Amino acid sequence: MTTDQAPIDPDREPDADPASPAARGPSPPPKIPVGGIGVSRTSYAAAARLICDWAERRESRYVTVTSAHGIVMARSDPRIREVLTAADLVTPDGMPVVWTMRMSGAAGQRRVYGPTLMLHACAEAARRGVPVYFYGAVDPTLELLSEKLT
């Protein structure tokens, strides 16, 4: 399912060598260590812009949202640890994570809750004409989600 927005221009000039760091788009924000996992110092607006910047550049990136539960699980499960540490953007989806970040120098850090981040990212995508795709649910759920987002 897609939104009714214009596709990204496939005829745009190609970037420099995609393996070159200069060819990659905007860098993720700095990460603050929380229980051995780097959590991104970000906000809804900054994360939504960054996600759309990467999408416009057709960069393969991934975002995770994590609470204290995810960080604790990462300590004993190497698969979870790998997912969290390899993510380009890890948002603080829980107040204990936010409080720890603040105590570690990220004054003013706020919670970036996953469902609310999705709404911000979809709104930014609509504003910029970036197509949005939903995968992994039954058709009635996708139809309801599409209805609620328009």
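Of the 150 residues of the chain in this predicted model, 33% count as buried, and a first look with the whole chain shown as a cartoon gives the setting for the stops that follow. The secondary structure comes to 6 helices and 4 strands, and if you trace the chain from the N terminus on, the elements run β-β-α-β-α-α-β-α-α-α. Among the contacts with a separation of 6 or more, 70% are accounted for by residues 24 or more positions apart.

**Helix α2**

Select residues 68-76, which make up helix α2, and colour Gly70, Ile71 and Ala74, which are buried. If you turn the view to look down the axis of α2, these buried residues fall within an arc of 100 degrees, so they line one face of the helix. The general geometry helps here: an α-helix has 3.6 residues a turn, so residues three or four places apart point the same way. Now add His69, Val72, Arg75 and Ser76, which lie on the other side of α2 and are exposed. To see what covers the buried residues of α2, show strands β1 (31-34), β2 (37-40) and β3 (63-66) together with helices α3 (78-86) and α4 (95-103), all of which are included in that cover.

**Thr64 in strand β3**

From that cover, pick out Thr64, which is found in strand β3. Is Thr64 buried or exposed? Its relative accessibility is 11%, so Thr64 counts as buried. Leaving aside residues up to four places away in sequence, display the residues that Thr64 touches, namely Val83, Leu84, Ala87, Leu89, Val90 and Thr91.

**Pro26, before β1**

Move next to Pro26, whose place is in the segment before β1. With a relative accessible area of 31%, Pro26 is partly exposed. Show Leu50, Asp53, Trp54, Arg57 and Arg61 as sticks, since Pro26 touches each of them when residues up to four places away in sequence are not counted. For one of these partners a distance is worth drawing: Pro26 and Arg57 are 31 residues apart in sequence, while in space they are 9.6 Å apart, C-alpha to C-alpha.

**The cysteines**

How many disulfides does a search of the whole structure find? The search finds 0. Select Cys52 and Cys122 to see the reason: the sulfur of Cys52 is 8.5 Å from the closest cysteine sulfur, which belongs to Cys122, and this is too far for a bond, given that a disulfide requires a pair of cysteine sulfur atoms within 2.5 Å. Cys52 counts as buried at 2% relative accessibility, and Cys122 also counts as buried, at 15%.

**The largest pocket**

Finish at the largest pocket, which has a volume of about 370 Å³. To centre the view on it, select Ile51, Ala121, Pro131, Val132 and Tyr133, which lie nearest its centre among the 15 residues of the lining. The elements that give two or more residues to this lining are α1 (44-56) and α5 (114-128), and α5 gives the most, with 6 residues. Which kinds of residue make up the lining of the largest pocket? Colouring by residue type will show 14 nonpolar residues, 1 polar residue and no charged ones.

Conventions. Residues are numbered from 1 along each chain as its sequence is written. This is a predicted model: local features need pLDDT of at least 70, side-chain atom pairs count only at pLDDT 80 or more; totals for chains, interfaces and linings use all residues. Side-chain values use heavy atoms; hydrogens and water are left out. Buried means under 20% relative accessible area, exposed over 50%, partly exposed in between (1.4 Å probe, protein chains only). The arc is that of the directions from the helix axis to the C-beta atoms. Contact means heavy atoms within 4.5 Å. On a 1 Å grid over the protein atoms alone, a cavity is a set of points where a 1.4 Å probe fits but cannot get out, and a pocket is an open set with protein on both sides within 12 Å along at least five of seven lines; lining residues have an atom within 4 Å of a point. Grid points are joined across faces, edges and corners, and a volume is the space filled by probe spheres set on the points. Ala, Val, Leu, Ile, Met, Phe, Trp, Tyr, Cys and Pro count as nonpolar, Asp, Glu, Lys and Arg as charged, and the others, Gly among them, as polar.
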